[in-house]
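Here is a quick tour of one protein model, strand by strand and helix by helix. Have the coordinates open as you read.

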Amino acid sequence: MLKKLNNVKEYLDFAERINGDVSFCDPTLGSREQARSTLLKAPGNPAEQIFGCFHGEELIGLFVFLVLEEEAYLEMLAGLSRSEQAYDEIFSFLKENFKGYRADFVFNPQNRLLYGKLRQAASEFDPEQQKMVLQEALPCQIHRKVELYSAKYREQYLSLHSKEGYWTAEKVLNAPERFRILLAIEGEAVVGYVDITYQYEENEPFDVFVKEEYRRKGYAKAMLARAIELNRPRGMTLLVNTNNTAAIALYRSLGFVTQAGANSITAHALL
């Protein structure tokens with residue numbers, strides 16, 4: 001049975017137990033503190049919905065979703081279960097109540113139950129990604145011009161920005177309380193950008209991009225080094241495709257290390 005929950009305090013032990021299982025942990029809940037924060041804050045956010053799946057009185061699944069009705073968009077913020085029944089019930093509920101919504105799921109590639117349900121839902125899968133954590137910032141001389149975003153670069157930033165994914169240029173610009181934007185400048189031209197969060201204890205680059213003709217010339221490294229500098233003393237994590245050896249080498253040169261057991265895949269579905 002699926003129930004909408006208004007309080008999850010009594011279920012934190014369940015969440016920690018599932019998140020401690022390497023086959024079923026949620027890669028978006030990387031630490032005990034992060035898991036507790038995501039679950040405890042959700043009831044206070046009107047855009048987030050929490051569901052518990054029960055077999056009799058026993059909790060067998062705990063799920064949190066961001067639901068943006070005006071955009072017909074849904075994102076799984078937490079998915080914790082080792083039960084096929086729980087995944088069956090939550091997917092049936094989503095298809096019945098959010099028909100036509102675009103939905104994104106970031107999940108553990110070892111979670112074969114959830115992977116199977118997403119395949120049945122005809123999802124599209126992004127490449128597998130590896131989480132990396134800034135262990136200690138390594139010295140880096142910045143030889144390229146990097147500036148914080150300002151309105152004079154608006155049109156260039158908009159035209160350069162990726163059109164894929166939820167966080168479009170317009171959405172990033174409309175969330176200044178969440179994102180910092182860094183631009184790589186050559187002459188008066190914007191040749192690259194980094195969108196990165198700045199308000200959390202661990203911040204994350206959401207998008208790193210350099211124009212093709214300016215790649216392998218130090219622009220990405222310069223932007224990331226500046227981002228790390230501005231982010232101190234807070235931590236930083238990032239996701240990189242597991243087969244992108246050049247990017248992994250770049251991040252390692254800045255002081256990032258891979259975090260074991262934290263790989264993820266993003267699936268996109270139309271409910």
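Which residue takes a positive phi in the hairpin of β3 and β4? That would be A72, with phi near 50 degrees, in a hairpin with four residues between the strands. Bear in mind throughout that this is a predicted model.

Let's stay with that part of the chain for a moment. A72 sits in the loop that links β3 (58–68) to β4 (73–81). Its positive phi is worth a second look, as A72 is a residue other than glycine. In general, most residues other than glycine have a negative phi. As for solvent, A72 counts as partly exposed because its relative accessibility is 26%, and the partly exposed class lies between the 20% and 50% cut-offs.

On the other side of β3 there is another hairpin, this one with β2, and it has two residues between the strands. Here G56 has the positive phi, near 70 degrees. Strand β3 is thus paired with β2 (residues 48–55) through eight antiparallel bridges, and with β4 through eight bridges, also antiparallel. If you want a residue pair to click on in each case, try C53 with its bridge partner G61 in β3, then L62 with its bridge partner L80 in β4. How much of β3 is buried? Quite a lot: 10 of its 11 residues are, leaving the strand mostly covered.

R216 is another residue that has a positive phi without being a glycine, at about 60 degrees. You'll find R216 in the loop between β12 (205–210) and α7. With a relative accessible area of 74%, R216 is exposed, as the cut-off for that class is over 50%.

The positive-phi residues side by side:

| Residue | Where | Phi |
|---|---|---|
| G56 | hairpin of β2 and β3 | near 70 degrees |
| A72 | hairpin of β3 and β4 | near 50 degrees |
| R216 | loop between β12 and α7 | about 60 degrees |

Now for the helices. Two packed helices are described by the angle between their axes and the distance between the axes. For α7 (residues 219–231) and α8 (residues 245–253), the angle is about 40 degrees and the axes are 10 Å apart. That makes α7 oblique to α8, and their crossing is right-handed. On the α7 side the contact is made by A220, K221 and L224, which meet L250, Y251 and S253 of α8. Sorted by class, this contact has four nonpolar residues, one polar and one charged.

After α7, have a look at the loop leading to β13 (235–241), where P233 is placed. The peptide bond between R232 and P233 is cis, with omega about 5 degrees.

What is the strand order of the open four-stranded sheet? It runs β11-β13-β7-β14, and the pairing is mixed. Strands β11 (202–203) and β14 (256–258) are at the edges with a single partner strand each, so one side of each has no neighbour in the sheet. Two bridges in the parallel sense pair β11 with β13; E202, for one, has G235 in β13 as its bridge partner.

Both helices come back into the picture here. Helix α7 lies across β7 (129–134), β11, β13 and β14, running at about 150 degrees to β13. Helix α8 packs on the sheet too, where it touches β7, β13 and β14, and its direction makes about 165 degrees with that of β13.

Terms used:
Residues numbered from 1 in each chain as written. Predicted model: local features only at pLDDT ≥ 70, side-chain atom pairs only at ≥ 80, totals over all residues. Heavy atoms only, no water. Axes fitted to C-alpha atoms, helices over the stretch in contact; angles between N-to-C directions. Parallel < 35°, antiparallel > 145°, perpendicular 65-115°, else oblique. Left-handed = near helix turned anticlockwise from the far one by under 90°. Contact = heavy atoms within 4.5 Å. Nonpolar A, V, L, I, M, F, W, Y, C, P; charged D, E, K, R; others polar. Buried < 20%, exposed > 50% of the residue type's maximum accessible area, 1.4 Å probe, protein only. Pairing = 2+ DSSP bridges.
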